[in-house]
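Here are a few exercises on how chains meet. Grab your viewer and try each one before reading its solution.

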Amino acid sequence: MKYRIAIMAALAVTWTGSVLAQAKDPTIAGIEKYREMLGDDNPAELYEARGEILWKKAAGPKNVSLEKCDLGLGPGVVKGAYAKTPRYFGDAGRVMDIESRINWCRETIQGFSTADIVKKPFGSADKPSEIEDLLAYVVTASKGMKISPPNSHPKELEAFALGEALFHLRAGPYDFSCGTCHAVDGMRIRLQELPNLTKTADAKGAYTGWPAYRVSTSRLHSMQWRINDCFRQQRFPEPKYMSESVNALITFLAVMGEGAEYKGPALKR
Amino acid sequence: MSDPMKIRAKLSGDVAEIRVLMGHAMETGQRKDAAGKTIPAHFIQSMTVEVAGKIVVDGQIGTSVSRNPVFGFKVKGAKAGDKVVISWVDNKGDKRSDEVAVA
Amino acid sequence: MKKINTTVLAAAVALTTFLAAGCATEREHHASPEMMKKATIAVKRDFQEKGIAKMDRVATDKLQDICNRSGDNPSPEMAAMLESEQTTTLKLPADGNYMGDWKAGEKLAQSGQGLTWNAKAGAPNGGNCYNCHQISPEELSYGTIGPSLLGFGKTRGYTSETQKYAYAKIYNSKAFTACSAMPRFGHVGALDEKQIKDLVALLVDPKSPVNK
């Protein structure tokens, strides 16, 4: 009798599994096929190419390039810098993600004003913003490296702890936190699978999934944008671009995703 | 000014696999902007692929192709070092040409 | 005698475990109450109003505060207190009729519109139901954050008690489970009385596909 129940349970599990596989098949298989067709050709490369030109071009009120920018590994070192962020920068006195740091260099080296930088950080398909081009260039230079934010300076540990708390903070008209959808294994919203960002396995894929070129919007989206849009869907007010809260959340995600191999900007539907 | 194309040309045996990523709006002329105004059509009309001085693809494309399109071709008889030149012309007369050597 | 007690106890424990696994979804949450408090201060500093989403949305209420500080796991006494407080907010229809039109309910359940900062002020909100629940069997694109609602009326009985329960649950889920993941749709004014009645019909009307 026990034996039979066990078999029935096994059958039930298999059957449910195949139904789910069928249900998600068209979307996910479609994306996989599209990725395969594109191979290494991610339109994010167009951003990267523009970004490299921008990085090396004298610009801003001070008319200098970003080539002396210190992304954490010393002035001018771009290779591998992204993989070691977010980190604490002594000159700025705070923890920054890579996008905040590039903007810091645009302000301090090139002389752009904060107002210029925060005016329109997220571009559109027709008008990509310069920071997204620069970002694509910088992150691509960490291709093949392991995500390894230092997470050792007291400010970095503080950022992680604040990020974790913000991740679980329920507020807004729907009482949602990030964790409402992203702190449990194997859940879906509609057919979209939801990564459990409190666990390393899922967090690795999620963290290296941004920045990404989205085919449906025909543009590159940064991690700053990703966090911004999560809060829109959570029905919160808007998190300020590059604010301590956003950088704390990115720190939390980066530390959770530690050890993942970075493969360059992702490609999403 | 248009973005440079990303071209890869990799030889396996005597077949060169050529892949090209083009930065272009490929606007269909059927979309409207936020103000309800039609966005004028702007798309690549013709493209050519030249390998070692010989045109191997001379094609016409249109508005059914996505923004930032990717194309792939296989060319028989190519040798390492052959120059691959890819060019396009759009409906506004803008054009672009980029090249790479078969590796 | 002792032996029997042990067996009964074991069965009771097994049952409790089973119920706990079946009802509440445990979320991984290790942030301390002090850090949660810091987070409530950080959002007030680092967020800004946009469109219809004003800053009052990050002024957490008592229920949110307690759920946040306890990691959605308040003590049984605290949970009971919160649930009874939330119960007092319930506004049931004055006409005593809980049922609307299941077809309108299905449309509402499909819609995920509303309340985001880019939503139009005054436009009706959707119910967002399929984001988390299986409802009509025809709709395969459903989420799994909440339990399946297939056969809701059929299994619970087509009674006014079932209708009232569904209405109250949609109006304020926290009257039943203090830190439920489900929004308090009626309590926060996201859905109005007619809309909730249409959703109740989708779940409890014998003619609704949910009960076929």
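Buried area is the accessible area, taken with a 1.4 Å probe, that two parts lose on being put together, summed over both. Keep in mind that this is a predicted model.

**Exercise 1. Work out how much area chain C and chain A bury between them, and which three residues of chain C supply the most of its share.**

Step 1: Start with who touches whom. On the chain C side 59 residues are in contact, and they meet 42 residues of chain A.

Step 2: Now the area. The two chains bury about 4400 Å² between them, with 58% of it on carbon and sulfur atoms.

Step 3: Pick out the top contributors. C:E28, C:F47 and C:W117 together supply 16% of what chain C buries against chain A, more than any other three residues.

**Exercise 2. Find the polar links between chain C and chain A, then say which elements of chain C are involved in the contact.**

Step 1: Count the salt bridges: there are 6 between chain C and chain A. For one you can click on, try A:R170 and C:D72, whose side chains sit 3.1 Å apart, N to O. That fits the cut-off of 4 Å.

Step 2: Add the polar contacts. Between these chains, 26 residue pairs qualify, both partners at pLDDT 80 or more.

Step 3: Map the chain C side onto its elements. Those giving two or more residues are helix 2 (33-46), strand 1 (47-48), helix 3 (62-69), helix 5 (102-110) and helix 6 (129-132). Helix 2 gives the most, with 9 residues.

Step 4: Sort that side by character. You get 24 nonpolar, 21 polar and 14 charged residues.

**Exercise 3. Which strand of chain A is joined to strand 1 of chain C, and do the two run parallel or antiparallel?**

Step 1: Look at strand 7 of chain A, residues 238-239. It is joined to strand 1 of chain C by 2 bridges, and the pair runs antiparallel.

Step 2: Find the register. A:P239 stands opposite C:F47, and C:F47 is one of the trio from Exercise 1.

**Exercise 4. Describe the contact between chain B and chain A.**

Step 1: Chain B brings 13 residues and chain A brings 16. About 1200 Å² is buried between them, 49% of it on carbon and sulfur atoms.

Step 2: Check the charges. There are 4 salt bridges across this interface, including B:R8 to A:E45 at 2.6 Å, N to O. Another tally gives 5 residue pairs in polar contact.

Step 3: Place the chain B side. Strand 1 (6-12) and strand 2 (15-21) of chain B are the elements giving two or more residues. By character, that side has 4 nonpolar, 2 polar and 7 charged residues.

Note on methods. Residues are numbered from 1 along each chain as its sequence is written. Chains are lettered from A and ligands numbered from 1 in the order in which they are written. This is a predicted model: local features need pLDDT of at least 70, side-chain atom pairs count only at pLDDT 80 or more; totals for chains, interfaces and linings use all residues. Side-chain values use heavy atoms; hydrogens and water are left out. Contact means heavy atoms within 4.5 Å. A polar contact is a pair of N or O atoms within 3.5 Å; within protein, one must be able to donate a hydrogen and the other to accept it, and residues adjacent in sequence count only if both atoms are side-chain atoms. Helices (H or I, at least four residues) and strands (E, at least two) are DSSP runs, numbered from the N terminus. Ala, Val, Leu, Ile, Met, Phe, Trp, Tyr, Cys and Pro count as nonpolar, Asp, Glu, Lys and Arg as charged, and the others, Gly among them, as polar. Two strands pair if DSSP finds at least two bridges between them.
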